Amino acid sequence: MIEGRVEGLAVIGAGLSRTGTLSTRAALELLLGGPCYHGAVPIVEQPEHGEIWKEAFVTGSLDPVLKGGVLKGFRAGVDYPFNCWYKELLVLHPSAKVLLTVREPKQWVASIRFIHATMCSLATSFPYSSFLYLMGVLNVDFIKFALEDSNGQSGELSEAIRGTEDQGVDFFNAHIQQVMSIVPPDQLLLFDVKDGWEPLCKFLDLPTPDMPFPHINDKRQVQLMYNTVRCVAWASLLGLPLLLSLAISMFPTDWTGILVTVTLAAAVWLVWVARQALWTQTTQKARKLQ
């Protein structure tokens, strides 16, 4: 049995990833005057959350997340992993509004396949995964877990991604129907970010902001990040041997060359040690939260 509540949680996002959740996050934070949980939190912003979410998925219970205070202070939540628990969260917050972000199904299939392939490449392919793990830029372990999770909604999503376009469309539509069958109609809004402020503000009974609705093209940002990581990872991989070779060639006959070479190698080793220490500290912090 799930115990506990998220104080102040007003909006539960049930929409799948790649349905404008980043734009929706920005809009909700402006409207509600508080933070909105998103997949970027455990992957980039607060990686210590990753281990707690993993425990929740493995045990099939939201208890670790609630006891760990992962959602403390958040006024809303959208995207993975939050959206996988919309039913449990609604039981705990029966008066909360449920936001189901949607888009054209075939466009969604293409978009979710793009993000899945990109994240899979970054998290599992050499040298990108090694570079990201070394630098601590992204929570690679949590990305791998999300990609490999075969349970519940995550498993069904992975199966749909691997299938045909029609299977992907069927999964998308089935998810919408499932949410509509669970959430009372007066608490649910099917929301397309193309519709802007009006339906969202009306649903939340809040005034319309005097500014354009935030349209964040996260596909472009993801592509830019992917290309940047690829370039830097390969530059690091190829550049270090060249740097070592140059050091040796500049000082071939005395101890200076050896000293420079050892210093460069030690610098690389220290970066790795620092990365490991930081990640260990992050993991321990996550465990203490529990």
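This passage describes the overall make-up of a predicted model, then its nonpolar cores, one of its helices, a buried arginine and a pair of packed helices.

In the predicted model, the chain is built from 13 helices and 5 strands. Of its 290 residues, 46% count as buried. When contacts with a separation of 6 or more are considered, 76% of those in the chain are accounted for by residues 24 or more positions apart.

In soluble globular proteins, nonpolar side chains tend to be buried together. The largest nonpolar core of this chain has 50 residues, and the members that touch the most other members are Ile 12, Trp 53 and Leu 71. Helix α6, which spans residues 105-124, provides the largest share of this core, with 6 residues. A second core, separate from this one, consists of 18 residues, among them Ala 27, Leu 32, Val 193 and Leu 204. The surroundings of Leu 71 can be described in further detail: once its neighbours within four places in sequence are left aside, Leu 71 is in contact with Val 6, Tyr 37, Trp 53, Val 65, Phe 82 and Leu 89.

Trp 53, one of the contacts of Leu 71, belongs to helix α3, which covers residues 49-59. The buried residues of α3 include Trp 53 together with His 49, Gly 50, Ile 52, Lys 54, Ala 56 and Phe 57. After α3 comes Gly 60, which has a positive phi, near 70 degrees.

Arg 18 lies in the loop between β1 (11-13) and α1 (21-32). Is this residue buried or exposed? With a relative accessible area of 9%, Arg 18 is buried, because the cut-off for a buried residue is under 20%. The side chain of Arg 18 is joined to that of Ser 111 by a polar contact of 2.8 Å.

Two packed helices are described by the angle between their axes and the distance between the axes. For helix α9 (residues 152-162) and helix α10 (residues 165-182), the angle is about 150 degrees and the axes are 8 Å apart. Helix α9 is therefore roughly antiparallel to α10, since angles over 145 degrees count as roughly antiparallel. In this packing, Gln 153, Glu 156, Leu 157 and Ala 160 of α9 meet Gln 167, Gly 168, Phe 171 and His 175 of α10. The residues of this contact between α9 and α10 comprise 3 nonpolar, 4 polar and 1 charged.

Technical notes. Residues numbered from 1 in each chain as written. Predicted model: local features only at pLDDT ≥ 70, side-chain atom pairs only at ≥ 80, totals over all residues. Heavy atoms only, no water. Axes fitted to C-alpha atoms, helices over the stretch in contact; angles between N-to-C directions. Helix = DSSP H or I, 4+ residues; strand = E, 2+ residues; numbered from the N terminus. Parallel < 35°, antiparallel > 145°, perpendicular 65-115°, else oblique. Contact = heavy atoms within 4.5 Å. Nonpolar A, V, L, I, M, F, W, Y, C, P; charged D, E, K, R; others polar. Core = buried A, V, L, I, M, F, W, Y, C linked by side-chain atoms within 4.5 Å. Buried < 20%, exposed > 50% of the residue type's maximum accessible area, 1.4 Å probe, protein only. Polar contact = N/O pair within 3.5 Å; in protein donor to acceptor, adjacent residues only side chain to side chain.
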